[in-house]
Amino acid sequence: MLLLFFAMVTGEEFRTMALAFEEAVEQPHFEKPSFRIRKKIFATLDIKKQQAVVKLSELEQSVFCAYKKSIIYPVAGTWGRQGWTIIELDQVIPQMLHDALTTAYCNVAPAKLAEKYKQ
């Protein structure tokens, strides 16, 4: 029998994950925390909604969204078509979140930094 364990990821856990990347910093962005590498945003956090938004390519977005569309899905409109993707923190498996966050970081980080995290 296969049992799946779903653990809610808190805003603080998300923050810790995002800031663990080399040179990652937190800065405000429209009254929400954003996580950046050399001034480029790779993720944002909406603590009230328990959501994160990460920057993926269109292909990466389609792969992550295939996991479960009620947990990982494109931002509405143009931003979503550009790869910005919502992740429901209260439903996502921590390893899936970590993979999406790593992918987002690698998408905006300089090649030398990104190479350290690519699998």
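Two strands count as paired if DSSP finds at least two bridges between them, and strands themselves (E, at least two residues), like helices (H or I, at least four), are DSSP runs numbered from the N terminus. The views below come from a predicted model, in which local features need pLDDT of at least 70 and side-chain atom pairs count only at pLDDT 80 or more, while totals for chains, interfaces and linings use all residues. Residues are numbered from 1 along each chain as its sequence is written, and side-chain values use heavy atoms, with hydrogens and water left out.

**View 1. The hairpin of strand 1 and strand 2.** Let's start at the turn: 2 residues lie between the two strands, and phenylalanine 30 there has a positive phi of about 50 degrees. Strand 1 and strand 2 are antiparallel, joined over 6 bridges. Look for glutamine 27, whose bridge partner in strand 2 is serine 34.

**View 2. The open sheet of 6 strands.** Follow the order 1-2-3-4-6-5, with antiparallel pairing. Strand 1 (24-29) and strand 5 (72-74) are the edge strands, each pairing on one side only. On average, neighbouring strands are turned by 25 degrees against each other, direction ignored; axes here are lines fitted to C-alpha atoms, for helices over the stretch in contact, and other angles run from 0 to 180 degrees between N-to-C directions. Further along, strand 3 and strand 4 pair in the antiparallel sense over 4 bridges, and aspartate 46 has glutamine 51 of strand 4 as its bridge partner.

**View 3. Helices packed on the sheet.** Helix 2 (residues 58-65) touches strand 5 and strand 6 (contact means heavy atoms within 4.5 Å), and its direction makes about 140 degrees with that of strand 5. Helix 4 (residues 94-108) touches strand 2 (32-37), strand 3, strand 4, strand 5 and strand 6, at about 150 degrees to the direction of strand 3.

**View 4. The largest pocket.** A pocket is an open set of points on a 1 Å grid over the protein atoms alone, where a 1.4 Å probe fits, with protein on both sides within 12 Å along at least five of seven lines; lining residues have an atom within 4 Å of a point. This one holds about 390 Å³ of space, a volume being the space filled by probe spheres set on the points. Of its 13 lining residues, His29, Lys32, Thr44, Val53 and Val75 lie nearest the centre. Strand 3 (40-46), strand 4 (51-55) and strand 6 (84-88) each give two or more residues to the lining, and strand 3 gives the most, with 3.
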